[in-house]
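Trainee: I have a structure open in front of me. Can you teach me to read it, feature by feature?

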Amino acid sequence: MDTLNELRTQIDQVDRQLLQLLAQRLELVKHVGEVKHQQGLPIYVPEREAEMLHARRAEAEALGVSADLIEDVLRRIMRESYARENQFGFKTVNSAIKKIVIVGGGGKLGSLFARYFTLSGYYVEILEQQDWQNAVNILKGTDVIIVSVPIAKTVETIKRLKPYLTENMLLVDLTSVKRAPLQAMLEVHTGAVLGLHPMFGPDIASMAKQVIVRCDGRFDSRYQWLISQIQIWGAKFYQVDATEHDHSMTYVQALRHFSTFANGLHLSKQPVQLANLLALSSPIYRLELAMIGRLFAQDAELYADIILDKPENLAVIESLKQSYEESLAFFIHGDKQAFIDSFNQVKQWFGEYSEQFLKESRQLLQQANDYRQS
C-alpha cells in the first residue's frame, strides 16, 4: 500500500502540472481571441485545426502515447477554447447597419442571435408579441429584421410586418421550415430576403462548427455581409433550395422526432423502471435512452409544429409504420434468412458510411461511458 500511495501521490503531482499547462493554454487562447476580434478572423478555422491535430497525433505516437487519446483530449480543450473566445466579441463586418430588430428575440433562439449580434457591435432591439402596439417605434430606422417565432406563427408574423417594411431593409427568418416563410417574405417585401435555418439548439456554448442552412431569396449581394458576420462566429453554411430543404427535413427532423417520441411514449407505458434500465444498460443503450429523454426536456409545441408542417411528413411516418410491420413479420414467421437478406440490403445502402458511423459512434459511446455514475 505504501508503494501504491506513493505512485498515487506522483500521479496527483502530474495532474496538477497538467492543470497548470491547461491554464497556460487557455490564457494563450484568450490572446488569440483578442487578435481574432481585432482582425475580424473567424473563430473556427478547419485547416488550422486539422493541421494541429495531425501534428499532435504524430508526436504522440513517437512518444508511445495513443494518438486517439491525445486527439480526444485536444478536441475537448478546443471546444472549451472556442466557447471562451466568444467573450471578446467579434469584429463588426458592416458598420453601416445601425439597428437590428429580432421579432421573437425574447425566445431562446432569438435571444442567442441577439447576443451574438450585440457581441459583434450591432444595436439590437426585440419585438415580442406584446410589443406590436409599439411596432412603429421599434421598427423605425431598422436595417435588418429577423423573424424568430414558432413555426405555426411564422407566416402570419411575416405578413404582419408588411406595413413597416422599407425597400432598404433586409428581411430574414430563422424557421426550421423554409418554403412557406421564404415565399411569404418575397411576397410582402420588395427588398433583400434571406431564409436561414440554424441546425442547432439555443443551448450551444459556441457557434464554432455549427451548421446553418441558407436558402437565398432576393438581392444576395445585400446580405453577403451577414453571411460573413456569422462565419466569423464560427458557423458553416449549407446552401440549398427551400423546397429541397423542406423535403430533407421530413427525414432529418419530422421522422426522427416522431420515432423518438413514439419510443418514449412506448417505454413510458411499459412495466419497467427507468432507473433499472439505466443500471443494466450497455453504453449504446444508455446513449439511445439519453437521446430519447433529451427530447422530453424540450418544447413539445415545437416538435408538434415540425411534424404537422406538411402532409409529406405524415406520409413518410406512415411508411415507417409499414416498415415496422414488415420487420416484425420476419420474426412472427420465424424467417431468419429474410431478416438477414433485408439487413444486408440496408447495409449496402449505407455503404462505406457504415464504417464511418461505427467509428463516430464508438467515440460517443466511450464518452458516454466515461460519465456513467450508476
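**Reading the model**

Mentor: Start with the inventory. The protein has 15 helices and seven strands. Keep in mind that this is a predicted model.

Trainee: What box do the C-alpha atoms of the protein fill?

Mentor: Along the principal axes, the box is roughly 75 × 65 × 35 Å.

Trainee: How many residues are in the protein, and what share of them is buried?

Mentor: There are 374 residues, and 36% of them are buried. Now look at contacts with a separation of 6 or more. Residues 24 or more positions apart account for 68% of these.

Trainee: Which residues does the UniProt domain annotation cover?

Mentor: An unreviewed UniProt entry gives "domain: Prephenate/arogenate dehydrogenase" for residues 98-361. Over residues 98-361, the chain is 56% helix and 13% strand. The C-alpha atoms at the two ends of that stretch are 45 Å apart.

Trainee: How do I read the faces of a helix?

Mentor: General idea: an α-helix has 3.6 residues a turn, so residues three or four places apart point the same way. Now take helix H6, residues 151-160. Ile151, Thr154, Thr157 and Ile158 are buried there. Viewed down the H6 axis, the buried residues fall within an arc of 100 degrees, so they line one face of the helix.

Trainee: Which residues are exposed on the other side of H6?

Mentor: Ala152 and Glu156.

Trainee: What do the buried residues of H6 pack against?

Mentor: Three strands and two helices: S1 (100-103), S3 (144-147), S4 (170-173), H7 (179-188) and H12 (300-308).

Trainee: How do I read a nonpolar core?

Mentor: Look for the members that touch the most other members. The largest nonpolar core has 40 residues, and in it Ile100, Phe113, Phe117 and Leu226 hold that place. Then ask which elements contribute. Those giving two or more residues to this core are H2 (46-62), H3 (67-85), S1, H4 (108-119), S3, S4, S5 (192-198) and H8 (224-233). Another core lies apart from it, with 23 residues, including Ile138, Ile145, Ile158 and Leu171.

Trainee: What is phenylalanine 113 in contact with, leaving aside neighbours within four places in sequence?

Mentor: Phenylalanine 113 contacts Ile102, Leu174, Pro198, Phe200, Met207, Ile212 and Trp233.

Trainee: Is glutamine 229 buried or exposed?

Mentor: Check the relative accessible area; under 20% counts as buried. Glutamine 229 has 0%, so it is buried. Glutamine 229 sits in helix H8. Beyond residues up to four places away in sequence, glutamine 229 touches Phe90, Lys91, Thr92, Val93, Ser120 and Tyr122.

Trainee: And what about serine 81?

Mentor: Serine 81 is in helix H3. Its relative accessible area is 4%, so serine 81 is buried as well. Leaving aside neighbours within four places in sequence, serine 81 is in contact with Arg25, Leu26 and Val29.

Trainee: Why is leucine 302 called partly exposed?

Mentor: Because its relative accessible area is 36%, and partly exposed lies between the 20% and 50% cut-offs. Leucine 302 belongs to helix H12. Sequence distance and space distance are separate readings. Leucine 302 and tyrosine 324 are 22 residues apart in sequence and 26 Å apart in space, C-alpha to C-alpha.

Trainee: At what angle do H9 and H11 pack?

Mentor: Helix H9 (residues 242-268) and helix H11 (residues 283-295) pack at about 100 degrees, and their axes are 9 Å apart. That angle makes H9 roughly perpendicular to H11. From H9, the contact includes His257, Thr260 and Phe261. From H11, it includes Tyr285, Leu289 and Met291.

Definitions and conventions:
Residues numbered from 1 in each chain as written. Predicted model: local features only at pLDDT ≥ 70, side-chain atom pairs only at ≥ 80, totals over all residues. Heavy atoms only, no water. Buried < 20%, exposed > 50% of the residue type's maximum accessible area, 1.4 Å probe, protein only. Helix = DSSP H or I, 4+ residues; strand = E, 2+ residues; numbered from the N terminus. Arc of directions from axis to C-beta. Contact = heavy atoms within 4.5 Å. Core = buried A, V, L, I, M, F, W, Y, C linked by side-chain atoms within 4.5 Å. UniProt positions renumbered as here; feature names shortened; annotations may be inferred. Axes fitted to C-alpha atoms, helices over the stretch in contact; angles between N-to-C directions. Parallel < 35°, antiparallel > 145°, perpendicular 65-115°, else oblique.
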